[in-house]
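Please read the notes below alongside the coordinates. They are kept short and follow the chain by topic.

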Amino acid sequence: MYYKAKETAMGNGEQYHVAAILRRKGRVVRIGTNSDKTHPRFMRKYRDGTWGCHMHAEMDVLRFAQPGDDIEVMRWIRSTGGLAMAKPCEHCQKHIIMSGIRRVTYTNEEGNWERLVR
Ligand SMILES: [Zn+2]
């Protein structure tokens with residue numbers, strides 16, 4: 001059932017292949033992936049003082065999120081097709097909390113699901 005997420009992530013043309021699945025009451029609302037596209041809501045300042053935005057998969061779906069939704073984040077390695085660590089970065093975590101997401105799970109290095117605790 002995750003084939004579509006994998007297809008989306010593998011086809012994103014980026015170095016990292018991450019997919020985020022937004023669920024509402026268990027049903028998939030949207031599948032997002034990381035990209036070079038920018039979105040003004042998620043502009044961030046980098047340590048060197050420049051502004052930019054690489055949209056992470058989580059941010060891609062957060063635009064459509066409602067409080068109480070769940071998010072699953074997965075990452076694949078192109079060479080092996082296996083799963084990898086997909087823990088949301090601090091920047092995404094902040095936005096996830098602000099959006100009122102109920103439950104966030106992500107794949108770890110072993111390809112197992114972990115739940116984000118805060
Ligand atoms: Zn992130």
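1. How many residues lie between strand 7 and strand 8 in the hairpin that they form? There are five, and glycine 111 in the turn has a positive phi of about 80°. Strands (E, at least two residues) and helices (H or I, at least four) are DSSP runs numbered from the N terminus.

2. On provenance: this is a predicted model, in which local features need pLDDT of at least 70, side-chain atom pairs count only at pLDDT 80 or more, and totals for chains, interfaces and linings use all residues. Residues are numbered from 1 along each chain as its sequence is written.

3. Pairing requires at least two DSSP bridges between two strands. Strand 7 (residues 103-107) pairs with strand 5 (residues 70-76) in the parallel sense over four bridges; tyrosine 106 is the bridge partner of valine 73. With strand 8 (residues 113-115), strand 7 pairs in the antiparallel sense over three bridges, and threonine 107 has tryptophan 113 as its bridge partner.

4. The largest nonpolar core (buried Ala, Val, Leu, Ile, Met, Phe, Trp, Tyr and Cys residues joined through C-beta atoms within 7 Å; buried means 20 or more other C-beta atoms within 10 Å, with C-beta atoms placed from the backbone) has 24 residues. Those with the most contacts inside this core include Ala20 and Val73. Strand 1 (17-24) is among the elements that each supply at least two residues, and strand 1 gives the most, with five.

5. Aspartate 36 sits in the loop between strand 2 (27-33) and strand 3 (44-45). Aspartate 36 counts as exposed (12 or fewer C-beta neighbours by that 10 Å criterion) because 11 other C-beta atoms lie within 10 Å. Its C-alpha atom is separated by 5.0 Å from that of histidine 54, 18 residues apart along the chain.
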